2 protein chains.
Amino acid sequence: MSQMQNVERQLREMILGLEIGPGEKLTERWIEGRFGASRTPVRAALLRLETEGLVGRDGRGWTVSPINLAELEQIAVYREAVEVAAVRLTCMHAESSAIDVIEAMLDSCDDNTPREEWHRVGMDFHIELARLSGNEFLFRAVRDAMTRLSRARWLEVRDEAALGRAWAEHRAILAAARLGDADQAARLLSAHIVGSRDRLVTSLANDRRGLRARGFAVVAA
Amino acid sequence: MSQMQNVERQLREMILGLEIGPGEKLTERWIEGRFGASRTPVRAALLRLETEGLVGRDGRGWTVSPINLAELEQIAVYREAVEVAAVRLTCMHAESSAIDVIEAMLDSCDDNTPREEWHRVGMDFHIELARLSGNEFLFRAVRDAMTRLSRARWLEVRDEAALGRAWAEHRAILAAARLGDADQAARLLSAHIVGSRDRLVTSLANDRRGLRARGFAVVAA
DNA sequence: GATACCATTTTGGGATACCAAACTGGTATC
DNA sequence: GATACCAGTTTGGTATCCCAAAATGGTATC
């Protein structure tokens, strides 16, 4: 694998894993030293991550994008538009076996599964469902939106009950998709996204002080 | 302005203006010489344009993205999802004066207006309408989709009648938005996009031979 | 004439050198 | 003590150099 992809992947993981906090300044030279690459691949990686919204310009320099509550709400609206469109397409032509694969992903999580894995599967559910639409642009839109949301979801305080409810909603959406009931699937997915947004925003707004204390930049809505 | 932005802007204009044909190979060294910049800004520009879908990798090298009929159809579906969502938001809270600004854009085109300007205003109509939604992600999605479509629209054979029909549809959408009739605006916009796609795909499919003869790579649906 | 093969050139990926602008820390001044 | 100012350092932007891999083109072979 090329150095550029290497730096990009590792830096992305550090940002998404909150090993580098939202709002932190980045210097090309620090990244260079940290990953043992020269500035050429570092710059390429930063340019890529900028388009993903994970880093941004701060005057002349680079900054890990802060977590922005207003942005999270806007992403939820965007997600709703593209995911609902995608699931409608999926209902029209997806094969049951493809739905089974996604259902198996959900099944793979149980009481022993680490929280991080639940987090990942919860995102992949939406991404893979969008992939089944067969529309590359809807798929990418969902994938990119989930990437932008993923740090916030990491911070979210999720109780067991909320997690169970989310999984039940996921299964209900799959059931509707399996029957080809586009309206029902759209309705359920839409409600799921709105509910998910509400819980997320509430959780983060309540915990904003704590997050700031941990050194994370959190911008108000 | 920095060299990077300069190279990016000029190269984008050349690609969108078909001064460099779809499917043509690009070398970093050629761009370097063409714009009098060194490879660093050239590479940054290429990375950016890659995320816009205007250039792509061809093995190790770079290629101006060919015009892909299947992709155009997928973009239309994507556009429909995000533009309809945006216009619904716009109906909920946009001020009449903001609608007036867009209407004025439409008015600015008359019989003496060059074709290129009609083309640009036709795109800006959709972009500015999406901007009024206030949702940054829906806005960017529309803007990026229009960018990807713009080369194809340039090639499209548009008769006067079709252009007039499109403008009438634009005005009808604005009228609905002004009244805050979200359902009606959504319906009209959706029909407009579908009709626009049909005309575009038909036109390009019929003219594919001619386009290839002019040296443009056009990929079948 | 087609093809396999090799020398040469070209090209993108990476590393490094240089510069001007921005930042930093300390100092003199009021 | 606050502030204006200046030297030194850091940093991103750019240019340039090096390299291995890929493309190229000519040639020998069948």
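This passage looks at how the protein meets DNA strand C, and then at how the two domains of chain A meet each other. The model is predicted.

Start with the DNA. In total, 19 residues surround DNA strand C, and the closest are A:Gln3, A:Ser38, A:Thr40, B:Arg29 and B:Arg60. Sorted by class, this surface has nine charged residues, six polar ones and four nonpolar ones. On the DNA side, sugar or phosphate accounts for 45% of the strand C atoms within 4 Å of the protein, and the rest belong to bases.

Some individual contacts fill in the picture. In chain A, a polar side-chain atom of A:Ser38 sits 2.7 Å from a phosphate oxygen of DNA strand C. In chain B, B:Glu28 uses its backbone: a polar backbone atom of this residue is 3.0 Å from a phosphate oxygen of the strand. With B:Arg60, the partner is a base, as a polar side-chain atom of this arginine lies 2.5 Å from a base oxygen of DNA strand C. As for the elements behind this surface, those giving two or more residues are α1 (3-16) and α3 (39-51) of chain A, along with α2 (28-35) and α3 (39-51) of chain B. The top contributor is α3(A), with three residues.

Now for chain A on its own. Chain A splits into domain 1, covering 3-65, and domain 2, covering 69-207. Taken over C-alpha atoms, the centres of these two domains of chain A are 27 Å apart. Where they touch, domain 1 of chain A puts in eleven residues and domain 2 of chain A puts in six.

How much area is buried between domain 1 and domain 2 of chain A? The figure is about 690 Å², and carbon and sulfur atoms give 59% of this area. On the domain 1 side, A:Leu16, A:Leu18 and A:Glu52 stand out: together they supply 57% of the area that domain 1 of chain A buries against domain 2 of chain A, more than any other three residues. The residues on that side of domain 1 of chain A comprise six nonpolar, four polar and one charged.

What about specific pairs across this interface? Between domain 1 and domain 2 of chain A, the rule finds zero salt bridges. For polar contacts, the count across the interface of these two domains of chain A is one residue pair, with both residues at pLDDT 80 or more.

Technical notes: Residues numbered from 1 in each chain as written. Chains lettered and ligands numbered in written order. Predicted model: local features only at pLDDT ≥ 70, side-chain atom pairs only at ≥ 80, totals over all residues. Heavy atoms only, no water. Near = heavy atom within 4 Å. Polar contact = N/O pair within 3.5 Å; in protein donor to acceptor, adjacent residues only side chain to side chain. Helix = DSSP H or I, 4+ residues; strand = E, 2+ residues; numbered from the N terminus. Nonpolar A, V, L, I, M, F, W, Y, C, P; charged D, E, K, R; others polar. Domains from an automatic or database assignment. Contact = heavy atoms within 4.5 Å. Buried area = accessible area lost by both parts, 1.4 Å probe. Salt bridge = Lys/Arg side-chain N within 4 Å of Asp/Glu carboxyl O.
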